[in-house]
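Colleague: I should like to learn how to read the features of a model such as this one. Please take me through them in turn.

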Amino acid sequence: MKTLLPLVLAFVASVYVHAGFAQSGQYAAANRAVQISEARRANAALMHHFTWNSRVEIIVDGQVKDIRIEQVQYGPFGQLQHNLLNDQPAQGAPAILPFGFLRKAIEQQQKQEMETFLQGLKQMLQQYTLPTTGKILDFMASATPAGPNEYGYYALSGSNVVQPGDELTIWVDPWTRHVRQVKVSTTFQGDAVQLTATFQTLHQSNLNYAAFAEATVPAKQLSVQVQNYNYARLAY
């Protein structure tokens, strides 16, 4: 499971989205989409000045199969760097593969299949980050606003965002314009997939980040949970 971590981290990091609310007129909507893109780039640039801890749990059939804690930061060329702080299998799970060549081959094959599945899942879910100004504008044009909820947040909900039948909902704090929660319901390789992510903001720096995210594939009894915490500004 060790090589699953970069896939999970990249998947969770890609979730961050700023959302806005539709204004009247095509020009106003386009202008808001540009503002959202610019705000997202500014937040991504700010992230390069921080280091943080990330805890990842891989859960299969209701059992925690792997727990990893890493210190994460961006390198000088914009790549994520991971410093392993802790790596432990779940209680009762073997630290090494069982003896026996055939059983070991089966375990290795299962691990490779899992990594391949998560790689494809990450690539599919990345499309829900609305990576371009055009994608943001398309979502805003068709999304339905709602709220406020009990926390004062407003929501934008849309369907058929990436593929037929999917749903994307983004909750936003109207005062700060920061995303507070994201929910995606979609399918991958014929299986239903749910993604939820909750966000927090460092008030001194205004950095908005995914504090907790979970991707579940019920048909495979698979869950990937990621918690990001201990954000600290780098000293130069």
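Modeller: We begin with a term: a contact means that heavy atoms lie within 4.5 Å. Please keep in mind that this is a predicted model.

Colleague: Which residues does Leu-222 touch, leaving out those up to four places away in sequence?

Modeller: Leu-222 touches Ile-58, Ile-59 and Val-60, then Met-114, Phe-117 and Leu-118, and finally Ala-215, Thr-216 and Val-217.

Colleague: How should one read such a cluster of side chains?

Modeller: In soluble globular proteins, nonpolar side chains tend to be buried together. In this model, the largest nonpolar core has 36 residues, and Leu-121 and Leu-222 have the most contacts inside it. Helix H3, residues 101-125, supplies the largest share of this core, with six residues. Another core, of ten residues, lies apart from it and includes Trp-52, Tyr-74, Tyr-209 and Ala-211.

Colleague: What is the order of the elements from the N terminus on?

Modeller: The protein has four helices and ten strands. Their order is α-α-β-β-β-α-α-β-β-β-β-β-β-β.

Colleague: Where is Ile-170 found, and is Ile-170 buried or exposed?

Modeller: Ile-170 belongs to strand S6, which spans residues 167-172. Its relative accessibility is 1%, so Ile-170 counts as buried, the cut-off being under 20%. In sequence, Ile-170 and Leu-156 are 14 residues apart, while their C-alpha atoms are 5.3 Å apart in space.

Colleague: What can be said of the protein as a whole?

Modeller: Of the 236 residues in the protein, 42% are buried. The exposed area is about 12900 Å², and carbon and sulfur atoms supply 53% of it. As for sequence separation, consider contacts between residues at least 6 apart: 49% of these join residues at least 24 apart.

Colleague: How should charged side chains be read?

Modeller: Side chains of opposite charge can pair when their charged atoms come close. For a salt bridge, the cut-off is a nitrogen of Lys or Arg within 4 Å of a carboxyl oxygen of Asp or Glu, and by this rule the count comes to two. Arg-55 forms one with Glu-57, their closest N and O atoms being 2.8 Å apart. Arg-68 and Glu-70 form a salt bridge at 3.0 Å, N to O.

Colleague: Is Arg-55 buried or partly exposed, and why?

Modeller: Arg-55 counts as partly exposed because its relative accessibility is 27%. Glu-57, at 15%, counts as buried. In the other pair, Arg-68 is buried at 8% relative accessibility, and Glu-70 is buried with a relative accessible area of 4%.

Technical notes:
Residues numbered from 1 in each chain as written. Predicted model: local features only at pLDDT ≥ 70, side-chain atom pairs only at ≥ 80, totals over all residues. Heavy atoms only, no water. Helix = DSSP H or I, 4+ residues; strand = E, 2+ residues; numbered from the N terminus. Buried < 20%, exposed > 50% of the residue type's maximum accessible area, 1.4 Å probe, protein only. Areas by Shrake-Rupley, 256 points an atom, 1.4 Å probe, with all protein chains shown as cover. Core = buried A, V, L, I, M, F, W, Y, C linked by side-chain atoms within 4.5 Å. Salt bridge = Lys/Arg side-chain N within 4 Å of Asp/Glu carboxyl O.
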